[in-house]
Amino acid sequence: MRGTMGVGKTAVCRELMKLLAPCAWLDGDWCWMMEPFTVNGENRAMVLDNIAHLLRAYLQNSGYETVLFCWVLHEPGILDGLLSRLEGCEYALFQVALTCSEETLRRRLEADAARGTRAPDVVGRSVRRLPLYAAMGLPTLATDGLTPLEAAREIKRMLEAGEC
């Protein structure tokens, strides 16, 4: 699952994991938990290595039928690079991009910033990335007006119908 910051990836995965159990979930942001948050070549390489390692471990674990992975993934090459590190693992890849209106996105992110859970500068960056997902040609789900559980149920329906 991909989408810009604030579209609901984490909240939806939290619900989707319950609906698709036995299931494991990796949020790519967990591998960026560092202070100070520094995006540079060394940290980017480390994060991608960590994500690939964790995905491989989940995929090879016989206890899970489904592995959810969510991250911003605003450039197609990011996922391609990760998938190239999973050679030898058997899996079927299903993708969906979460979207929402700019108004909804701004409202969500500004509320997060007011609570102190996001930096205020995330609003502009996230709004600029929003159009990238429609251009990827992936199945999308607009999360405007949906609870995380409703969005998770719709993604499950899409999976079962072969729509993603």
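This dialogue reads the two largest pockets of a predicted model.

Student: Where should I begin with the largest pocket, and what is its volume?

Tutor: A volume is a good starting point, and in this predicted model the largest pocket has one of about 1200 Å³. Its lining is made up of 38 residues, of which Met5, Asp29, Trp71, Val72 and Arg118 are the closest to the pocket centre.

Student: Which elements give two or more residues to that lining?

Tutor: For the largest pocket these elements are helix H1 (9-19), helix H2 (41-60), helix H4 (102-115) and helix H5 (122-134), and the largest share, 5 residues, comes from H1.

Student: How do the lining residues of the largest pocket divide into nonpolar, polar and charged?

Tutor: Sorting a lining by residue class gives 20 nonpolar, 7 polar and 11 charged residues for the largest pocket.

Student: What is the volume of the second largest pocket, and which residues lie nearest its centre?

Tutor: The second largest pocket has a volume of about 670 Å³, and among the 27 residues that line it, those nearest the centre are Val67, Leu68, Ala92, Leu93 and Phe94. Two or more lining residues come from each of H1, H2, strand E2 (66-70), helix H3 (76-84) and helix H6 (148-160), with E2 giving the most to this lining, namely 4 residues.

Student: How many residues of each class are found in the lining of the second largest pocket?

Tutor: The lining of the second largest pocket holds 22 nonpolar residues, together with 2 polar and 3 charged ones. When you set the two pockets side by side, note that H1 and H2 appear in the list for the largest pocket and also in the list for the second largest.

Terms used:
Residues numbered from 1 in each chain as written. Predicted model: local features only at pLDDT ≥ 70, side-chain atom pairs only at ≥ 80, totals over all residues. Heavy atoms only, no water. 1 Å grid on protein atoms, 1.4 Å probe; cavity = no way out; pocket = protein on both sides within 12 Å on 5 of 7 lines; lining within 4 Å. Points joined across faces, edges and corners; volume = space filled by probe spheres on them. Nonpolar A, V, L, I, M, F, W, Y, C, P; charged D, E, K, R; others polar.
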